[in-house]
Structures are given as C-alpha cells and as structure tokens.
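Thanks, everyone, for making the time. I would like to walk through one chain today, going from its general make-up to a single helix, and I will try to be careful about what comes from a record and what comes from the coordinates.

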Amino acid sequence: MKQRHVWMARYLPPGVDPSKSEMGLLTGLISALLFHLQFILRYLSARNDLYTYYHGNIKKLDGTMMPPFWQILGTSLYGCFVAALAMVVVAVQLYSRYYQGGKSIYTMRRLPDRWERWRRVLTIPALAALGYLLLAFVLRCLDFTIYMLCTPEQCLYPYSWLELLNLM
C-alpha cells in the first residue's frame, strides 16, 4: 500500500482498497466539475447575445440586459449535489462489506471501541459529502464573481448583487 493511502485505510472497512476509493471520489469530483461547465457555456452565450457584428465591428445592442444570475446558473451545481448524495450509497456499501466474505462484523462487534465500525463506515463518505457541498458553495461564489465582473455594468439589472444573498 502506498504511503499516501495509509491514512485512508484507517477509515475504511477491512478489504476495501483505498486507491479504488480515492479514484471513486476523484471521479465524482471531475464529474461535478464537468457538469458545472454548463454555467460557463450559458454565461458566454448570454454575454454574446448582448452584442452584434456590424460590418466587421462588434457593437453593443441598445437596451439589452443580461439575464438574472440564477437563470444562468440553472442546474450547473447539481453535479456537486448528486455526488454528495451518492456518498449515502457509498456508506451503505461500506457497511455491507462487513457482512461479506469473512464476516468481519463479528470481530468489529467485539472491539472495545464500539464506535470503530461506524467510524470506518461514515468518515470517508461524510468528509467527501462535505467536500462536494463546499465545492458547490465555492463554485457558486466564483460564478457570481464572474457574472458581476465580466458583465458590462450597463447590462446588469439594478441591485444584481442581492441575487447572491437570495441563493444562499
């Protein structure tokens, strides 16, 4: 076992490969980030709709406004939420590992620390779920920063910054 997986092996049931668990968590992270690309595509499309090409020059259309932030954000953070919910399934799978193969559930029940089994089942999924939810919060704040800084001021609705408070 590699040195970097030693800490993770302490929080997994016996027989669970930490490197495979790490790859599963990384897959959830990459999937959530790829799903989040929707925001960038929607924002660029909405920002492009503010302008027109006139004889090779870019000209801003008069009276055009950027759609509200929540409308552009849409479902782009759902990948993070799905990954966080998937950790419930992972916890159930980790718990079921005690009843497979050598039936290590009997050994775990005889340990002096009765919470060891639950620590091994819930620590990694709980930390991962919190990480995915923290990622959603950071991405939302980053998206709002992009929305406010990259959109021309005259195309924003008055008090657009209040939308961030409505989404929290």
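I will start with the chain as a whole and then turn to the annotated spans.

Please keep in mind that what you see is a predicted model. Its secondary structure amounts to seven helices and two strands, and if you read from the N terminus the order is α-α-β-β-α-α-α-α-α. The chain has 168 residues, of which 34% count as buried, while the area it exposes is about 11,000 Å², with 65% of that supplied by carbon and sulfur atoms. If we take the contacts with a separation of 6 or more, 69% of them are between residues 24 or more positions apart.

Now to the record: UniProt, in an unreviewed entry, places the feature "transmembrane region" at residues 21-41, 69-96 and 117-139. In the model, residues 21-41 are 100% helix and 0% strand, and the C-alpha atoms at the two ends lie 31 Å apart. For residues 69-96 the helix content is 86%, again with 0% strand, and the end C-alpha atoms are 43 Å apart.

Let me finish with helix H2, which covers residues 18-48. How far should its 31 residues span? At 1.5 Å a residue we expect 45 Å, and because the end C-alpha atoms are indeed 45 Å apart, the expectation and the model agree. As for which of its residues are buried, they are Pro18, Ser21, Gly28, Ala32, His36, Phe39, Tyr43 and Ala46.

Key. Residues are numbered from 1 along each chain as its sequence is written. This is a predicted model: local features need pLDDT of at least 70, side-chain atom pairs count only at pLDDT 80 or more; totals for chains, interfaces and linings use all residues. Side-chain values use heavy atoms; hydrogens and water are left out. UniProt positions are given in the numbering used here, feature names are shortened, and annotations may be inferred rather than shown by experiment. Helices (H or I, at least four residues) and strands (E, at least two) are DSSP runs, numbered from the N terminus. The expected span of a helix is 1.5 Å times one less than its number of residues. Buried means under 20% relative accessible area, exposed over 50%, partly exposed in between (1.4 Å probe, protein chains only). Contact means heavy atoms within 4.5 Å. Accessible areas come from the Shrake-Rupley method with a 1.4 Å probe; for residues, only the protein chains shown count as cover.
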